[in-house]
Amino acid sequence: MLTRADLRRFQVFFIAKILQCFHPDPTKRLPGVMLALEPGAGKTATVLFALLDLINSFLIRRALIVAPLLVAQTVWPAEMEEWEGLDALTWTLIRVEDDDAGMLAAGAAAYEDALAGFQADFETQRESEI
């Protein structure tokens, strides 16, 4: 069984960045983190340990992970079993069909809202650098 000591340096770095998104001081808080790494790089374990730390710190009580069905059914549970300490986490699979009209509409609206927010943040950042 793998332990937290087996995490790679970049995984520990990203865990710290994820935790920084919940920093009590808003001036030190990150707006978000994106892990864009190749398959097998350790994204799942990184996120799971960050969630465990957030839960143990009482910063969150639960999280919603959105993933493709096969990944949600196999990768996430397997990672929780492979790493010592992650067995403290519990999970429930919620499945929605890809062609559900309500879900597609809600997803499109959420995407537009997120995109507008990112564009506004980008413009604000760009203006502050000029």
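Trainee: At what angle do helix 2 and helix 3 pack?

Mentor: Good place to start, and keep in mind that this is a predicted model. Helix 2 covers residues 43–56 and helix 3 covers residues 69–82. Their axes lie 10 Å apart, and the packing angle is about 65 degrees.

Trainee: Which residues of helix 2 and helix 3 make the contact?

Mentor: Look at both sides of the crossing, which is right-handed. Helix 3 brings Val75, Trp76, Glu79 and Met80 to the contact. From helix 2 come Thr44, Ala45, Val47 and Leu48.

Trainee: Stepping back, in what order do the elements of the protein run from the N terminus on?

Mentor: Start with the inventory: the protein has four helices and zero strands. Read from the N terminus on, the order is therefore written with helix symbols alone, α-α-α-α.

Trainee: Is Asn56 buried or exposed?

Mentor: Asn56 is found in helix 2. Its C-alpha atom is separated by 20 Å from that of Leu30, a residue 26 positions away along the chain. For the label, we need the relative accessibility, which is 52% for Asn56. Exposed begins over 50%, so Asn56 counts as exposed.

Trainee: And Phe58, is that residue buried or exposed?

Mentor: Phe58 sits in the loop between helix 2 and helix 3. Its phi is worth a look too: near 60 degrees, a positive value in a residue other than glycine. The relative accessible area of Phe58 is 75%, and because the cut-off is over 50%, Phe58 is exposed.

Trainee: What share of the residues in the protein is buried?

Mentor: Here the label applies to residues under 20% relative accessible area. The protein has 130 residues, and the buried ones make up 22% of them.

Trainee: How much of the exposed area do carbon and sulfur atoms supply?

Mentor: Let's begin with the overall extent: the C-alpha trace spans about 50 × 40 × 30 Å along its principal axes. The protein exposes about 9,800 Å². Of that area, carbon and sulfur atoms supply 60%.

Trainee: What part of the contacts with a separation of 6 or more comes from residues 24 or more positions apart?

Mentor: For this one, set aside pairs with a separation below 6. Among the contacts that remain, residues 24 or more positions apart account for 59%.

Trainee: Last one: how far apart are the mean positions of the positive and negative charges?

Mentor: The protein carries 11 positive and 19 negative charges. Take the mean position of each set, and the two points are 8 Å apart.

How values were computed. Residues numbered from 1 in each chain as written. Predicted model: local features only at pLDDT ≥ 70, side-chain atom pairs only at ≥ 80, totals over all residues. Heavy atoms only, no water. Helix = DSSP H or I, 4+ residues; strand = E, 2+ residues; numbered from the N terminus. Buried < 20%, exposed > 50% of the residue type's maximum accessible area, 1.4 Å probe, protein only. Contact = heavy atoms within 4.5 Å. Areas by Shrake-Rupley, 256 points an atom, 1.4 Å probe, with all protein chains shown as cover. Lys, Arg positive; Asp, Glu negative; His and termini not counted. Charge placed at Lys NZ, Arg CZ, Asp CG, Glu CD. Axes fitted to C-alpha atoms, helices over the stretch in contact; angles between N-to-C directions. Left-handed = near helix turned anticlockwise from the far one by under 90°.
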